[in-house]
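Please look over the sequence and the model shown here before reading the report. The aim is to describe the fold, its interior and its charged pairs in turn.

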Amino acid sequence: HKMDDGLDFSFPDVLLQPAKCLVALTGLDVRNNAVHRAIWDLFKGARRGDRKPVAYEQVTADHLYPKKTKAVASEDPLLPSPSGILKLGWIKKHTKEIPAVVVFFFDLDWSHPQWEEKVTECASKVQVIRSSLEGHATELCVALIQSVRPNPTGPDQQTADQANHLCIACN
């Protein structure tokens with residue numbers, strides 16, 4: 001774009017494209033597990049025009065996100081705070097690097113013979129993810145991948161108790 005004074009001016013690429021909410025998916029072994037591959041393919045192919053713009057990214061549970069930085073106050077009390085002014089890399093950081101949501105997929109059937117060990121493993125991985133997101137307002141979801149079909153009439157009391165136990169362990 002040419003401005004009236006003859007200077008060349010162009011918008012950064014990040015401002016020329018619609019912003020997409022970043023959702024990180026972790027816990028999927030798409031190379032070695034066909035079910036995990038199918039889940040990933042569903043997310044990647046689920047973008048139709050009538051849906052909100054979302055970018056899905058596959059990451060490891062120990063993925064390192066940018067650390068939250070503290071705002072630096074102005075030395076001059078007469079200068080107004082730069083509140084509401086976005087730094088140069090803010091949009092890129094919040095649409096490409098720091099997810100709004102992390103979905104952690106974990107293989108666990110309600111009838112798994114080593115239920116307690118699997119709950120401990122899941123909770124441990126959730127803690128690793130939480131630690132890597134420390135300081136950010138990212139939401140974390142745990143999605144269980146189950147090979148056994150659930151009870152069609154709804155969860156029984158044992159399943160409800162197991163779900164509650166898993167939630168407490170991961171919290």
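The report below goes from the overall architecture to the strands, the nonpolar cores and the salt bridges.

## Overall architecture

The structure is a predicted model, and its chain contains five helices and four strands. Followed along the sequence, these elements are arranged in the pattern α-β-α-β-α-β-α-β-α. Among the contacts between residues at least 6 apart in sequence, 77% join residues that are at least 24 apart.

Of the 171 residues in the chain, 23% count as buried. The accessible surface of the chain amounts to about 12600 Å², and carbon and sulfur atoms account for 57% of that area.

## Strand pairing

Strand β1, residues 21-26, has five of its six residues buried, so the strand is largely enclosed by the rest of the structure. Six bridges connect β1 with strand β2, residues 54-59, and the two strands run parallel; within this pairing, Thr 26 stands opposite Val 59 of β2. Strand β1 is also joined to β3, by four bridges and again in a parallel arrangement, with Leu 25 having Val 103 of β3 as its bridge partner.

Strand β3 pairs in turn with strand β4, residues 139-145, through seven bridges, and these strands also run parallel. One of the residue pairs here is formed by Asp 107 and its bridge partner in β4, Ile 145. Between these two strands the chain passes through α4, and the resulting β-α-β crossover is right-handed.

## Nonpolar cores

The largest nonpolar core is made up of 16 residues, and those with the most contacts inside it are Tyr 65, Val 102, Phe 104, Cys 122, Leu 166 and Cys 170. The elements that supply two or more residues to this core are β3 (101-107), α4 (115-132) and α5 (157-170). Helix α4 gives the most, with six residues. When neighbours within four places in sequence are left aside, Leu 166 is in contact with Leu 108, Val 119, Cys 122 and Leu 144.

A second core, separate from the one just described, has eleven residues, among them Val 23, Leu 28, Trp 40 and Phe 105. Phe 104 belongs to the largest core, whereas Phe 105 belongs to the second, separate core. As a general point on strands, in a regular strand the side chains alternate between the two faces of the sheet.

## Salt bridges

The count of salt bridges comes to four. In general, side chains of opposite charge can pair when their charged atoms come close. In one of these pairs, the side chains of Asp 41 and Arg 37 meet with an N to O distance of 3.7 Å. Because Asp 41 and Arg 37 are four residues apart in helix α2 (residues 34-45), they are separated by about one helical turn. Asp 41 is partly exposed, at a relative accessible area of 41%, and Arg 37 is likewise partly exposed, at 37%.

A comparable spacing is found in helix α4, where Lys 125 and Glu 121 lie four residues apart, about one turn of the helix, and their side chains meet in a salt bridge of 3.5 Å, N to O. Both partners count as partly exposed, Lys 125 with a relative accessible area of 35% and Glu 121 with 32%. This pair is part of a wider arrangement, in that Lys 118, Glu 121 and Lys 125 are linked in a network of salt bridges. A further salt bridge joins the side chains of Glu 97 and Lys 92, at 3.8 Å from N to O; Glu 97 is partly exposed at 29% relative accessibility, and Lys 92 is partly exposed at 47%.

## An approach between α2 and β2

Helix α2 also contains Lys 44, a residue that is partly exposed, with a relative accessible area of 45%. The C-alpha atoms of Lys 44 and Tyr 56 are separated by 6.8 Å, although the two residues are twelve positions apart along the chain. Strand β2 spans residues 54-59 and runs parallel to β1.

Key. Residues numbered from 1 in each chain as written. Predicted model: local features only at pLDDT ≥ 70, side-chain atom pairs only at ≥ 80, totals over all residues. Heavy atoms only, no water. Buried < 20%, exposed > 50% of the residue type's maximum accessible area, 1.4 Å probe, protein only. Contact = heavy atoms within 4.5 Å. Areas by Shrake-Rupley, 256 points an atom, 1.4 Å probe, with all protein chains shown as cover. Core = buried A, V, L, I, M, F, W, Y, C linked by side-chain atoms within 4.5 Å. Pairing = 2+ DSSP bridges. Right-handed = clockwise from strand over helix to strand, strands pointing away.
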